[in-house]
Structure formats: structure tokens, C-alpha cells
Amino acid sequence: MSALHTDVLIVGGGLGGVAAALAALEAGRSVVLAEQYAWLGGQLTSQAVPLDEHSWVEQFGVTARYRRLRDGIRDHYRDWYPLTAAARADPTLNPGNGLVSRMCAEPRAGVAVIEAMLAPHRSSGRLTVVQPAVAVSVDVEDDTIRSVVLRRLDDASELTVSAHYVIDATELGDLLPLAGAEYVTGFESRAETGEPSAPEEAQPHNQQAFSWCFVIDHVEGDHTIDRPRDYDMWRAVQPDYWGAPMISLTGPDPRTLETLTRTFTPHAPRPETLADQGKDPGDRELWTFRRILARDNLEPGAIPSDLVLVNWPMIDYLGGTLVDVPADEVTRHEEAARQQSLSMLYWLQTEAPRPDGGTGYPGLRLRGDVTAGPDGLAMAPYIRESRRIMALTTVTENDLSIAIRGHGRPMTTPESVGIGMYRIDLHPSSGGDNYLDIASAPFEIPLGILVPRRVRNLLAGGKTAGTTHITNGAFRLHPVEWNIGEAAGALAAFCIDHAASPGAVHGDPALVRDFQTTLTRDGVELHWPDVRGY
């Protein structure tokens, strides 16, 4: 078995892992970055979900490196796509003109920009990317991680990596059980967190649904897929609270829980309003909701159809969780989720009601070439909830909920390492819960949510941070995951430079201020202006 030593080992190459790597590398440190899938970027790329952002993203509220990612995606289209003159001149170009955010784009655009951002560090020799690979064991001594064994998924070879600091940026918190770090899953009890929306007793296996997303377009001809093996089963699934079969256009409104029937109109016109989650969730017309490339932005004839990402309530998989269950159960749930997604597509192609009174859109085409995953779907499942460290600081519903706080002014903390904003948005769960969608205040990200209570050189780099099941719903989206990862990478470098542990930094107000000065210098916003949540 080969071995390697580095300053910072990052396991998980999603947005948090990439941001952590950039922060550590640009602070002069060496990094090993391990990622399970063929693409870096996680929810943006291998999971195929376009950026989900707050209302002020074009003005403020994200880190400078995250803005480089967004600007890079826009420039990718300006450099390589035959944009119309109007689209090319638009400083806030939204390639898909989608309504989920101001930046809806294809997954490969994110891949290209992430690779470009990392390219000089690869060339310098200070960045080693091990891909596709997962962690299989962790050696811990005296509450310190001594090494991590990575196993490549292509040839089963193994690499032992020792590092000063290890960041868990995996989608499910894979390192935490391997390292013996204390963590929680699912719903904490009300007694543990004091959250009014929490249950009386903890429900560790009650976790948010995951989804297997896919991309479609609509062209001439019949592109109906083979009838999915489990179509009849999925066609009949109807949770008590859904109001209709899940495989349909009808389901609960996340914010009101009233039964809502959405529309689906291939090549629906460009929305007259800009994406703004504070005013409109944007999900009433499903074609435009997560459209990731709009043909109206391109010269006539450049592409035959818009490209649309299907990440809709109808493909939320409620049958089980991927966390802390046997490997064969993980495989079973993943396969079932793919069958559910393929069943939704087949229903759209064969049974969906059309405005002309007919049924089905056989011209819908599954664009597996856009996502490069199994069965023509995304490369990886879209993960909403992870194992979460038992951290020095935990953010609860009481910190964010406008109803509880009595106002929507920003949540502040003297240990801020960044800022974020999203409604507390919990999808239906494996335990039978409906949506939980709570108006939230903008928040500052506390340093302590990155730091475990015991393991000295382990940091959280994404959804593994110290939130609860409830507040994870506000912290799980792209810009906050990025900020958490960036802060973790910067903290690892800072700790090496100052010969201080993360716990020591957290416990010393002077070191916290020094670290915040470093973050501010690097373009991390620590405080909100005078804004209100929604």
C-alpha cells in the first residue's frame, strides 16, 4: 500500500470540499482531495442540481471565491456558447432562465469552472486529487487522526494519507463513524435542542428524502423510455399527506401544505420575473422551475430544445435512508430511487395531461449525456441530509426562525466565519413527515459548528457541520455549504500557521479575531447589512 503525507486531507469533493481545498491551497498549504465520483462539485455537478441561493446573491452575501465560481460559469457560456446579443450583454446572465435561482446552468459548466479554479494548484504539485475514491478506514490515537486509508473505486488500490488536519466534506459524513467521532442523525428530540418543531423523542432514522435527478429536453419524435420495471408500484404510491399519487403533477405546497397541482409546459416562455425565493418559490410551472439551459438565450437553431432538470417533489425518495444502514440496504434504496425517477419520466411521456386534452409527451428525451450517470440519470443521488458532528456550537431552530425570534433581522455571533440565508426547508422524510418550511432570518455561520467536541484535528466541511435536523434545512444549499468548506480549509491552514488546535482557536477571542481578519482579507463576508429574512 502506498502512502502520502499532506498538510490537509479533504475527503469529499463536493462544493464544500472544493472550497476547503481552494482556501487551504491559497494559504500555501498542500492538499489531498478525495472524491467518490468522476466529477468534483457534488450537488452542483454529479448530483446535477443548479445553484439554490438567497435573494441578494447578485449584490452581496457570498464569499469572493464563490462569486468567482458564479462568474466563471457565466463566462463559460459567454466564451463557448452562441449567445444572442442580448444574453451576451446581460451582466446577470442566467443560462437557463430558471426560477429556482439567478444562476441555473448545466452540470458540466460547473465541472469546467471548478477544474479551472483548481488547475494551477494541480500544476504546482501541492494538490493531489484521488478520484474516484472513498475512505475505508481511519487510524486514531489520542483523539487525533493519524491517517486515513483511501480506496480507489476503479482498481481497488489503496493509499494511506497522513495529514495535520482532516476535513469531512463527504455528502453523508462518511468519516465520522470511521474516526469514532460523535455525531447525530435524523431528528433530535425537543429536550436535546429546545426546538418547538422537534419531536418529543429523537428519531435518528427519520431523515430528509434524497432524490435521483435527471435532465430532459423536448424534441420531435417518440423518445419514450422502456416501461420501468417497478412502474406499476410507483404509479400507486400515495403518502397520506400528498393529496394524489406521487407520480403526478399534484402534491403538497411546501410552504402552506395545501394540495397543489403544478403545470408542465414544454418550452414555456421566459418568465417575466427574475428568480427570487423571497417573493416566489418559482415552482408552479415545472418546465421553467429548474431549466438549466434556455434555447432563447442562444442564436436561433443552436439547440433544438431547452434543457430542464427534474428535481421535483415527485421524485423525493421516502422509502429509507442511506445513513447507518447495511450496504445491501443502501444499494436497494438507491435502485428504488432510480426506479422512482424513471417512473416519473415514463409517466410524463405517456400519461401526463396536455393542454390539448391528450396525454403524454413522447417527445421528452432523457439527456443522460448531460449528466453522465446510471440509467441516464444524474451521476449521484441528491443528498439533503448527512451525519452531523456533535460540535462546539450547534445552530437550532430558535436561532433562525422568524416566528420564534419575533423579527427577521440577521442572527449574529461573535465567532462568525461567514454568512448565509435560506428558509428552513425540510423535504418529506423517511419517517413519514410532510414538508417543514419555516421563514428564516439571515445568519452568521459560527466557527464552533466546524469543530467536533473531541477529535482534535477533524473539521466539518459541509453538511456535516453542527446544525440540527431542522436547521440543516437552511444550511444545506450551495453557497452555505461552500462557505462552511471554505472556512474549514482556511481554519486548517490558520491552525498550522499558529500551532493551535481548532478548539484552542475557538476558545480564544484574540485568535478568533485574527482568524476573522484572515477570512475578511480573503473575501469572506462575516456580517450582513440591514436586511430581513423571509
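In which loop is Pro-281 found? In this predicted model, Pro-281 belongs to the loop between β11 and α8, a segment to which the description returns after the overall fold, the nonpolar cores and the packing of two helices have been considered.

The protein contains 16 helices and 21 strands. Its radius of gyration is 22 Å, which is close to the 24 Å given by the globule rule for 534 residues, and the protein is therefore as compact as a globular protein of that length. Along the principal axes, the C-alpha trace extends over about 70 × 55 × 50 Å. Of the 534 residues, 63% count as buried. When contacts between residues at least 6 apart in sequence are considered, 72% of them join residues that are at least 24 apart.

The largest nonpolar core is made up of 155 residues, and those with the most contacts inside it are Leu-69, Leu-150, Phe-264 and Phe-475. Helix α14, which covers residues 478-498, supplies the largest share of this core, namely 11 residues. The surroundings of Leu-69 can be described in more detail: when residues up to four places away in sequence are not counted, Leu-69 touches Leu-15, Leu-44, Val-113, Ile-114, Met-117 and Trp-482. A second core, separate from the largest one, consists of six residues, among them Ile-419, Trp-528, Val-531 and Tyr-534.

Two packed helices are described by the angle between their axes and the distance between the axes. For helix α1, formed by residues 15-26, and helix α14, the angle is about 35° and the axes lie 7 Å apart. The crossing in which α1 passes α14 is right-handed. On the side of α1, the residues that take part in the contact are Leu-15, Gly-16, Val-18, Ala-19, Ala-20, Leu-22, Ala-23 and Ala-24, and they meet His-478, Glu-481, Trp-482, Gly-485, Glu-486, Gly-489, Ala-490 and Ala-493 of α14. Sorted by class, the residues in this contact comprise 10 nonpolar, four polar and two charged ones. Leu-15 of α1 and Trp-482 of α14, which both take part in this helix contact, are also among the residues that Leu-69 touches.

Several positions in loops have backbone features that deserve separate mention. The peptide bond that leads from Gln-131 to Pro-132 is cis, with an omega value near -5°, and Pro-132 is located in the loop between β3, residues 127-130, and β4, residues 133-141. Asn-97 has a phi near 50°, a positive value in a residue other than glycine, and is placed in the loop between α3, residues 85-89, and α4, residues 107-124. Because its relative accessible area is 7%, which is under the 20% limit, Asn-97 counts as buried. Asp-143 likewise has a positive phi, of about 60°, although it is not a glycine, and this residue lies in the loop between β4 and β5, the latter covering residues 144-152. With a relative accessibility of 27%, Asp-143 counts as partly exposed, since this value falls between the limits of 20% and 50%.

The loop between β11, residues 259-261, and α8, residues 286-289, includes Leu-274, and Gly-278 is found in the loop between β11 and α8 as well. Leu-274 has a relative accessibility of 57% and counts as exposed, because this value is over 50%. Its C-alpha atom is separated by 6.9 Å from that of Leu-99, although the two residues are 175 residues apart along the chain. Apart from residues up to four places away in sequence, Leu-274 touches Leu-99 and Arg-102. Gly-278, at 31% relative accessibility, counts as partly exposed, and a C-alpha separation of 7.5 Å is found between Gly-278 and His-54, which are 224 residues apart along the chain. Again not counting residues up to four places away in sequence, Gly-278 touches Ser-55 and Tyr-534, and Tyr-534 is one of the residues of the second nonpolar core.

Pro-281, with which the description began, is 27 residues from Pro-254 in sequence and 9.3 Å from it in space, C-alpha to C-alpha. When its neighbours within four places in sequence are left aside, Pro-281 is in contact with Leu-99, Arg-255 and Phe-289. Leu-99 is thus touched by Pro-281 and also by Leu-274.

How values were computed:
Residues are numbered from 1 along each chain as its sequence is written. This is a predicted model: local features need pLDDT of at least 70, side-chain atom pairs count only at pLDDT 80 or more; totals for chains, interfaces and linings use all residues. Side-chain values use heavy atoms; hydrogens and water are left out. A nonpolar core is a set of buried Ala, Val, Leu, Ile, Met, Phe, Trp, Tyr and Cys residues joined through side-chain atoms within 4.5 Å. Buried means under 20% relative accessible area, exposed over 50%, partly exposed in between (1.4 Å probe, protein chains only). Helices (H or I, at least four residues) and strands (E, at least two) are DSSP runs, numbered from the N terminus. Contact means heavy atoms within 4.5 Å. Axes are lines fitted to C-alpha atoms, for helices over the stretch in contact, and angles run from 0 to 180 degrees between N-to-C directions. A crossing is left-handed if the near helix is turned anticlockwise from the far one by less than a right angle, and right-handed if clockwise. Ala, Val, Leu, Ile, Met, Phe, Trp, Tyr, Cys and Pro count as nonpolar, Asp, Glu, Lys and Arg as charged, and the others, Gly among them, as polar. The radius of gyration is taken over C-alpha atoms; the globule rule is 2.2 Å times the number of residues to the power 0.38.
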